[in-house]
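Subject: Structure for your review

Dear colleague,

I am passing on the structure we spoke of, and I would be glad if you read the notes below with the model open beside them.

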Amino acid sequence: MANIIDGKAVSAQVKEGIRQEVEALKAKGVEIGLAVVIVGDDPASQVYVKNKEKACEAVGFNSYKYALPAETTEEELLALVDKLNNDDKVDGILVQLPLPKHLDDKIIINNIRPDKDVDAFHPVNVGKIMIGDYSFLPCTPAGVMELIKSTGTEVSGKECVVIGRSNIVGKPQAMLLLHQNGTVTITHSKTKNLKEVCARADILVAAVGRAKMVTADYIKEGAVVIDVGMNRDENGKLCGDVDFEDCKEKAGFITPVPGGVGPMTIAMLMKNTLTACKEHHNS
Ligand code: NDP
């Protein structure tokens, strides 16, 4: 039976470290603020935003929520972003994606000040990640790296396979593994012999969006298996990209869904906001 990686416990540790730093900053008179902007009433987005607000409260940040109606125009949203860019109380700005169809994510993200872009989606921050000179790491891939670290596994020299090449997970994930000297293969829907490629991996990260696609024959005995996927199974139950029951005997370490990568994403958002605040105050 594999060791199950407890994302809730690791994220609680990360948040506790942040909380202590926040206390120390507050003692010096520094307040930390995260602005979360949500447009429309997508139920999943509402839940994510609520969880982010709760996390802010737990670590001692001020959170500023801006809930805008679905028919908000690009001009109106950009005006809000501009206001937040210039608001000294706001260290981090997060615009919850996806936006309603008439709004272009790219235009909005490109207008967030890079030093307040705590999602690390702005092209300046993406470029910095590429050259390994960054302040912020994208939250989900950074959370995955923390989970790998929690297993005591050294990435350096390991065969790492990432399934998925999205801009928010797969590509930055591969880059972070590479920065830690992993030998990295990025796979996607056109990859031939996916099973065989994955079965070479000492560290396998699945970010596909296909319920239980990764079965025991995709994994190497003893591998670290990290499941980013958040899907619904045939009974509507939350599940990952990895068939947990099938893989749990063969993997060395494995994340559950829920309770694996999910909680880490928010913890890393808090970490980025703290980093932004420290940079804004040179502390
Ligand atoms: P995308 O849909 O943007 O990307 C999916 C990737 O998987 C693509 O690169 C695609 O390849 C690849 N893919 C699709 N089908 C196959 C296949 N059969 N074999 C190999 N590769 C395949 O998804 P995201 O990266 O945004 O998200 C991935 C999953 O992670 C989703 O379940 C999402 O809900 C979850 N997620 C979880 C988060 C968390 O906090 N836990 C945060 C973000 C995402 P191609 O490029 O060729 O189309």
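What follows goes from the chain as a whole to its sheet, and then to one strand in the middle of the account.

Please keep in mind throughout that this is a predicted model. The secondary structure of the chain comes to 10 helices and 11 strands. Its radius of gyration is 19 Å, close to the 19 Å that the globule rule gives for 283 residues, so the chain is as compact as a globular protein of that length. Along the principal axes, the C-alpha trace spans about 50 × 40 × 35 Å.

Of the 283 residues in the chain, 47% are buried, and the accessible surface comes to about 13500 Å², with 51% of that area belonging to carbon and sulfur atoms. If one takes the contacts between residues at least 6 apart in sequence, 71% of them join residues at least 24 apart. As for charge, the chain has 33 positive and 39 negative charges, and the mean positions of these two sets are 2 Å apart.

The sheet deserves a closer description. Six strands form an open sheet in which the pairing is parallel, and their order is β1-β11-β8-β7-β5-β6. At the edges lie β1 (3–4) and β6 (183–187), each of which pairs on one side only. As general background, the strands of a sheet pair through backbone hydrogen bonds, either parallel or antiparallel.

Strand β8 is a useful place to look, since its pairing can be followed on both of its listed partners. Strand β7 (residues 203–206) runs parallel to β8 (residues 224–227), and four bridges join the two; within this pair, Ile203 stands opposite Val224, while Leu204 stands opposite Val225. Strand β11 (residues 253–254) also runs parallel to β8, to which it is joined by two bridges, and here Val225 stands opposite Ile254. Val225 of β8 therefore has Leu204 opposite it in one pairing and Ile254 opposite it in the other.

Which way do the residues Val224, Val225, Ile226 and Asp227 point from β8, and are they buried or exposed? Val224 and Ile226 point one way from the strand, whereas Val225 and Asp227 point the other way, and all of these residues, the aspartate included, are buried.

With best regards

Terms used
Residues are numbered from 1 along each chain as its sequence is written. This is a predicted model: local features need pLDDT of at least 70, side-chain atom pairs count only at pLDDT 80 or more; totals for chains, interfaces and linings use all residues. Side-chain values use heavy atoms; hydrogens and water are left out. The radius of gyration is taken over C-alpha atoms; the globule rule is 2.2 Å times the number of residues to the power 0.38. Buried means under 20% relative accessible area, exposed over 50%, partly exposed in between (1.4 Å probe, protein chains only). Contact means heavy atoms within 4.5 Å. Accessible areas come from the Shrake-Rupley method with a 1.4 Å probe; for residues, only the protein chains shown count as cover. Lys and Arg count as positive and Asp and Glu as negative; His and the chain ends are not counted. The place of a charge is taken as NZ of Lys, CZ of Arg, CG of Asp or CD of Glu. Two strands pair if DSSP finds at least two bridges between them.
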